[in-house]
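I opened a fresh notebook page for this chain. Below is what I looked up, in the order I went through it.

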Amino acid sequence: MNERLLKAFGLAARASARKKVYGARAAAKGRNDLARLLRAMAASESVQARRLFNSLRGQIDISDDYVATIFEQEVSALIEAYSEALKRTAEDEKRSLHLVLSQLRAAEKRIASFYAKKKQDIRDGSVEKYHVCQFCGYIAAGKVPEKCPVCGAPASGFQEIA
């Protein structure tokens with residue numbers, strides 16, 4: 001796989017997400033011209049990321065070893081990043097951000113444990129339906145829970161992943 005292309009995709013996707021956040025902040029502060037420019041930049045970078053993604057699609061390695069790397073390195077890196085951010089928010093006493101980070105870390109820990117339990121099912125292709133909480137990212141397998149065990153969102157807050 002072309003590592004430079006993969007890196008460019010990551011940079012474009014990240015840049016787009018950041019511009020969306022900055023655009024929303026600018027709009028909230030009444031800086032509408034800046035907000036429009038940032039939203040346009042986000043849209044442009046999103047298109048760039050999508051084109052790079054389409055170029056990468058056929059090159060992605062889905063071997064068991066690579067899939068294991070995703071869970072053993074990427075998921076654990078996210079859990080660690082959330083844990084570090086949680087330490088800082090506890091010190092700063094930002095309660096709402098602390099709650100968000102706690103829920104995101106819990107959802108990511110669910111992903112890690114879910115993969116550990118489901119390795120054989122994934123290899124065999126016998127995985128059930130998945131449903132993702134649109135508020136915190138929790139993944140439910142099989143049936144949708146009545147409420148999200150991480151954030152308490154109702155069943156209607158889950159999206160089925162086909």
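Before pairing anything up, I fixed my rule: two strands pair if DSSP finds at least two bridges between them. I also noted that I am working from a predicted model.

**Entry 1: the sheet**

With that rule in hand, I looked at who faces tyrosine 130, and found isoleucine 161 of strand 3 standing opposite. Tyrosine 130 also stands opposite alanine 141, which belongs to strand 2. I then counted bridges: strand 1 and strand 3 run antiparallel and are joined by 4 of them. Strand 1, residues 130-133, pairs with strand 2 over 3 bridges, again in the antiparallel sense.

Put together, this is an open sheet of 3 strands in the order 2-1-3, with antiparallel pairing. Strand 2 (139-141) and strand 3 (158-161) are the edge strands, each pairing on one side only. I checked the twist too: on average, neighbouring strands in this sheet are turned by 30° against each other, direction ignored.

Next I looked at the link from strand 1 to strand 2. The two form a hairpin with 5 residues between them. In that turn, glycine 137 has a positive phi of about 95°.

**Entry 2: the faces of strand 1**

I reminded myself that side chains in a regular strand alternate between the two faces of the sheet. Which residues of strand 1 are buried on each side? I found Tyr130 and Val132 buried on one side, and His131 and Cys133 buried on the other, so that both faces are covered, with buried meaning under 20% relative accessible area.

Alanine 141 was my next stop, over in strand 2. Is alanine 141 buried or partly exposed? I put it down as partly exposed, because its relative accessibility is 23%. I also noted a distance: alanine 141 and phenylalanine 114 are 27 residues apart in sequence, while their C-alpha atoms are 9.0 Å apart in space.

**Entry 3: cysteines and cores**

I wanted to know about disulfides, and the count comes to 0. Cysteine 148 is in no disulfide, and its nearest cysteine sulfur, in cysteine 136, is 3.6 Å away. Why does cysteine 151 make no bond with cysteine 133? Cysteine 133 holds the closest cysteine sulfur, but at 3.6 Å that is too far for a bond, because a disulfide needs the two sulfur atoms within 2.5 Å.

I checked burial as well: cysteine 148 counts as buried, because its relative accessibility is 2%. Leaving out residues up to four places away in sequence, cysteine 151 touches Gln103, Cys133, Phe135 and Cys136.

Nonpolar side chains tend to be buried together in soluble globular proteins. Here, the largest nonpolar core has 8 residues, among them Cys133, Cys136, Cys148 and Cys151. Its other members are Tyr138, Ala140, Ala153 and Phe158. A second, separate core has 7 residues, including Ile111, Phe114, Tyr130 and Ile139.

**Entry 4: the first two helices**

I moved to the start of the chain. Helix 1 takes up residues 3-28, which is 26 residues, and reaches 38 Å from its first C-alpha to its last, close to the 38 Å expected at 1.5 Å a residue. Just after helix 1, glycine 30 takes a positive phi of about 80°.

For helix 2, I asked what span its 25 residues should have at 1.5 Å a residue. They should span 36 Å, and the end C-alpha atoms are 36 Å apart, so the two agree.

An α-helix has 3.6 residues a turn, so residues three or four places apart point the same way. I listed the buried positions with that in mind. In helix 1, they are Leu5, Ala12, Ala15, Ser16, Lys19, Gly23 and Ala26. Helix 2 has Ala35, Leu38, Ala42, Glu45, Ala49, Leu52 and Leu56 buried. The buried residues of helix 1 pack against helix 2 (32-56), and those of helix 2 pack against helix 1.

**Entry 5: the whole chain**

Last, I stepped back. The chain has 4 helices and 3 strands, following the pattern α-α-α-α-β-β-β along the sequence. Of its 162 residues, 26% count as buried. Among contacts between residues at least 6 apart in sequence, 50% join residues at least 24 apart.

Conventions:
Residues numbered from 1 in each chain as written. Predicted model: local features only at pLDDT ≥ 70, side-chain atom pairs only at ≥ 80, totals over all residues. Heavy atoms only, no water. Axes fitted to C-alpha atoms, helices over the stretch in contact; angles between N-to-C directions. Buried < 20%, exposed > 50% of the residue type's maximum accessible area, 1.4 Å probe, protein only. Expected span 1.5 Å × (residues − 1). Contact = heavy atoms within 4.5 Å. Core = buried A, V, L, I, M, F, W, Y, C linked by side-chain atoms within 4.5 Å.
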